[in-house]
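User: I would like to go through this structure by question and answer. Please keep the replies short and end each on what was asked.

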Amino acid sequence: MTATQQAPAAELGRARLRKEDARLITGQTTWTDNIRLPGMLQLAFARSPFAHARIRAVDLSAARTMPGVVAVFSGADFAAEQGSLPCAWPVTADIVIPAHPPMAVDEVRYVGEAVAVVVARDRYAAADAVAAIDVDYDPLPPVLDMRAALEPDSPKVHEAGNKCYEWVFGNGDIDAAFSGAPVVVERTYRQQRLIPCAMEPRSVVAQWVGDEVTLWSATQIPHVLRFALSAFFAIPEQNVRVIAPDVGGGFGSKLQVTAEEVLAVLVGRRVGKPVKWTESRTEGNLTVHHGRDQWQRIRIAADRDGRIRGLDVNLLADMGAYLMLVTPGIPLLGAFMYNAIYKMDAYAFRCTGVFTTKMPTDAYRGAGRPEATYAIERIMDELAAELGIEPLELRERNWIRHEEFPYTTIAGLTYDSGNYEAATARAKELFGYDELRQEQADRIARGDKVRLGIGISTFTEMCGLAPSRVLGSLSYGAGGWESASIRMLPTGKVEVVTGSSAHGQGHETAWSQIVADQLGVPFEDIRVLHGDTQVSPKGMDTYGSRSLAVGGMALVGACDKVIAKAKVIAAAMLEASADDLEFSAGRFSVRGDPEAGKTIQEVALATFAAHALPDGVEPSLDSDATYDPDNFSFPHGTHLCATEVDTETGFVTIRSYVAVDDVGVVVNPLIVEGQVHGGIAQGIAQALYEEGVYDDAGNLVTATLADYLVPSAADLPSYTTARTASPADNRLGVKGVGEAGTIASTPAVVNSIIDALRPLGISDITMPCTPERVWRAIQDASGTTGGAA
């Protein structure tokens with residue numbers, strides 16, 4: 001580097017505006033529903049109005065005569081080829097995995113299950129024809145309560161019974177931990193059913209040309225979907241191309257191989273035309289997989305000084321009617337997180353998966369980790385109340401101290417880094433913790449009708465879903481690696497091909513920043529390609545906050561290989577030994593002679609020309625890398641919430657919310673802020689607003705957004721956010737961030753409500769903590785008429 005040359009500013013840590021937003025927020029992109037192909041037909045599905053019934057007959061004759069209708073099919077028409085939707089996570093050797101046809105043939109097991117499909121020239125003709133389909137059902141008793149489903153006299157969802165599996169895990173002597181413990185606290189918590197509501201509804205387009213099919217889908221997992229279509233539906237993999245164009249959010253709901261995707265491919269082949277299906281919001285609420293839905297019984301044993309001796313967790317998890325892609329494994333992702341940031345002598349975990357006649361559950365933002373964090377953070381407050389110890393002090397007495405990292409927990413995971421003290425100290429400072437505690441005491445003393453509560457959530461999570469060997473030991477059906485390619489173009493520009501498939505995370509920006517720093521090329525000279533299995537043939541896609549910690553590290557590996565190749569060619573250009581070259585800020589220079597040098601972009605052009613390459617050196621700098629990490633990523637943080645609870649109306653107002661997160665080294669602060677804000681919003685939504693509710697007949701009564709309350713910005717507070725940094729044990733020091741806000745926020749909010757009402761004798765309110773439920777809890781505690789909260 002000469003005196004007149006300056007190294008480019010580092011990209012990591014810069015608050016870059018997102019490259020992709022120019023097209024996304026101006027509507028100049030292609031969503032799946034925007035796609036128009038010559039001769040394209042529309043699909044619409046007839047769906048079961050019963051939670052459980054035998055199909056006696058399906059009469060399609062009237063629908064077939066409707067104007068604009070090209071074809072109508074029932075499940076029986078595809079029985080020989082539709083197979084069964086895959087479950088990739090058989091968590092135990094004796095797990096019950098029932099056949100799950102994309103379109104029901106003999107029996108339906110939840111309201112909304114597809115029984116027939118109309119193919120028409122437009123969506124309106126298709127919808128009209130669906131109304132003309134006549135299905136003769138023989139209703140069967142629904143199974144709606146997962147607890148009652150395990151009773152011997154319960155109706156059966158499947159012939160094999162309602163128990164799907166039982167999975168047991170533990171470490172240490174749990175009996176000894178509880179035997180003679182001075183304090184044992186036991187609680188049962190309800191994780192209500194949630195319905196993911198991505199901004200973009202699900203949409204699918206399938207086009208066959210000869211024996212090759214292209215499937216456009218609003219999916220999180222184009223590579224997994226391609227594999228599934230080949231492995232489970234007998235389509236040669238080399239003949240399948242899956243494209244996830246710009247996708248408007250997923251939150252796990254698009255981590256799926258759906259009935260509609262499979263049927264679009266099969267129906268398109270049958271009719272010989274491109275076909276499209278896009279869900280309505282009601283259709284989405286009925287048939288997108290749901291989240292959470294657990295009963296959690298948790299016991300904690302402690303000494304009188306608050307030291308935790310043991311933790312015993314027993315879950316019932318509602319699988320719904322079938323097992324979808326990773327349904328049975330979702331509760332088990334939390335199995336390693338109930339111990340959270342705390343040290344203890346013993347831990348026991350048991351989960352029983354249960355079939356019911358409801359829409360299947362599967363991954364939803366956080367996927368098992370929010371449930372675990374909620375239970376442990378709630379019972380830590382209960383333990384503090386039992387012992388008369390300030391709840392934050394109790395946590396401090398039990399958490400892993402920063403000098404103890406790396407630390408192997410009672411659940412067997414090795415946390416590589418963390419500093420819970422620093423995050424908590426910063427959160428307390430921003431929150432005004434001591435001042436709010438004093439105000440709370442003053443309000444109690446003067447008998448205020450509006451109570452002040454302070455909620456705490458000191459959390460960690462495991463994310464960056466990997467490594468492959470660990471996933472294999474848990475019977476997961478895929479690996480946890482990720483792939484990346486770097487293409488050096490002759491003009492010095494760079495194409496980055498990633499196996500991570502973005503659906504709102506900002507990969508094009510963050511990946512450009514990483515590569516700019518690694519290769520020393522300008523941020524503006526980099527383009528990121530993703531989401532098309534023909535462009536990016538290898539990948540494990542995006543979920544579980546894995547993109548940066550796994551996909552980002554694959555980028556680094558590919559850049560290393562580019563630099564290694566370029567170094568040999570640069571040495572020839574500089575008439576020097578490759579061993580004497582140094583690479584810094586995008587430039588090769590001869591050690592001891594900084595004036596002599598070549599930029600990597602100059603090397604790219606010389607490689608393209610190939611006029612004077614050393615013997616045996618191929619004319620290409622392009623490189624691929626696949627990264628399989630040795631460990632998970634462990635972000636953490638402290639979230640503090642202050643609520644005001646009106647004891648006369650039950651209305652809860654979030655007065656202040658502080659989130660201090662440690663996500664390691666930050667690539668782009670703006671992206672991190674967006675992820676944290678969005679995550680907190682979804683966690684608050686579970687605490688206060690959202691619940692998927694079925695009636696006694698198994699009808700989803702929250703099938704519209706008028707009934708399922710998704711909060712808007714007007715319903716949410718402003719957040720105060722900050723970060724501490726404990727670099728992860730990888731070359732970039734990065735951790736995941738996409739689920740942190742959701743994992744941390746729900747217990748912070750509910751703890752604050754209970755903290756406000758504990759002087760009234762209230763220790764729990766079932767989520768969501770609606771004004772009615774809060775009011776009824778207050779009435780019950782006071783002995784006034786009301787009802788269960």
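Analyst: Rings of Phe, Tyr and Trp (its six-membered ring) pair if their centres lie within 6.5 Å. The model discussed here is predicted.

User: Which residues form one aromatic cluster together with W167?
Analyst: The cut-off for a pair is a centre distance within 6.5 Å. One aromatic cluster includes W167. Its other members are F169, F336, Y338, Y347 and F349.

User: How many aromatic pairs does the count come to?
Analyst: A pair of aromatic rings is described by the distance of the centres and the angle of the planes. With the rule on centre distance applied, the number of aromatic pairs is 19.

User: Is the pair of F73 and F78 stacked or edge-to-face?
Analyst: Planes under 30 degrees apart count as stacked, and those over 60 as edge-to-face. For F73 and F78 the centres are 5.2 Å apart and the angle between the planes is 75 degrees. Both residues are buried. The pair of F73 and F78 is edge-to-face.

User: What is the arrangement of the rings of F431 and Y433?
Analyst: F431 and Y433 are both buried. Their ring centres lie 6.4 Å apart, and the planes stand at 40 degrees. An angle that is neither under 30 nor over 60 degrees falls in the remaining class. The pair of F431 and Y433 is therefore tilted.

User: Over which ring does the charged end of R16 sit, and over which that of R299?
Analyst: For an Arg, CZ has to be within 6 Å of the ring centre and within 35 degrees of the ring normal. The charged end of R299 is 4.1 Å from the centre of the ring of F178 and sits over that ring. For R16 the distance to the ring centre is 4.0 Å, and the ring is that of F523.

User: How many residues line the largest cavity, and how do they divide?
Analyst: The structure holds seven cavities of 30 Å³ or more, and the largest has about 140 Å³ of space. Its lining has 19 residues, and the closest to the centre are Y110, A259, E260, T287 and M359. By class, the lining of the largest cavity is eight nonpolar, seven polar and four charged.

User: What space lies in the second largest cavity?
Analyst: The second largest cavity is lined by 13 residues, with P196, C197, A198, E279 and R281 nearest its centre. Five residues of this lining are nonpolar, three polar and five charged. The space in the second largest cavity is about 100 Å³.

User: Where does P406 lie, given that the peptide bond from F405 to P406 is cis?
Analyst: Omega of the cis bond from F405 to P406 is near -5 degrees. P406 follows α11 (391–398) and precedes β16 (407–408), in the loop between α11 and β16.

User: Where is P467, at the cis bond from A466?
Analyst: The bond from A466 to P467 is cis, with omega near -5 degrees. P467 is placed in the loop between β18 (450–460) and α14 (468–473).

User: Is D293 buried or exposed?
Analyst: D293 belongs to strand β13 (residues 291–302). Its phi is positive, near 65 degrees, in a residue other than glycine. The cut-off for burial is under 20% relative accessible area, and because D293 has 0% relative accessibility, it counts as buried.

User: What is the relative accessible area of A585?
Analyst: A585 is in the loop between β22 (581–584) and β23 (587–590). It has a positive phi of about 55 degrees although it is not a glycine. A585 is partly exposed, and its relative accessible area is 28%.

User: How far apart in space are D312 and K343?
Analyst: D312 is in strand β14 (residues 308–320), and it is buried at a relative accessible area of 12%. D312 and K343 are separated by 31 residues in sequence. Their C-alpha to C-alpha distance is 14 Å.

User: What is the radius of gyration of the protein?
Analyst: The protein has 20 helices and 28 strands. The globule rule gives 28 Å for 789 residues, and the value for the protein is close to that, so it is as compact as a globular protein of that length. Its C-alpha trace spans about 90 × 75 × 50 Å along the principal axes. The radius of gyration is 28 Å.

Notes: Residues are numbered from 1 along each chain as its sequence is written. This is a predicted model: local features need pLDDT of at least 70, side-chain atom pairs count only at pLDDT 80 or more; totals for chains, interfaces and linings use all residues. Side-chain values use heavy atoms; hydrogens and water are left out. On a 1 Å grid over the protein atoms alone, a cavity is a set of points where a 1.4 Å probe fits but cannot get out, and a pocket is an open set with protein on both sides within 12 Å along at least five of seven lines; lining residues have an atom within 4 Å of a point. Grid points are joined across faces, edges and corners, and a volume is the space filled by probe spheres set on the points. Ala, Val, Leu, Ile, Met, Phe, Trp, Tyr, Cys and Pro count as nonpolar, Asp, Glu, Lys and Arg as charged, and the others, Gly among them, as polar. Buried means under 20% relative accessible area, exposed over 50%, partly exposed in between (1.4 Å probe, protein chains only). Helices (H or I, at least four residues) and strands (E, at least two) are DSSP runs, numbered from the N terminus. The radius of gyration is taken over C-alpha atoms; the globule rule is 2.2 Å times the number of residues to the power 0.38.
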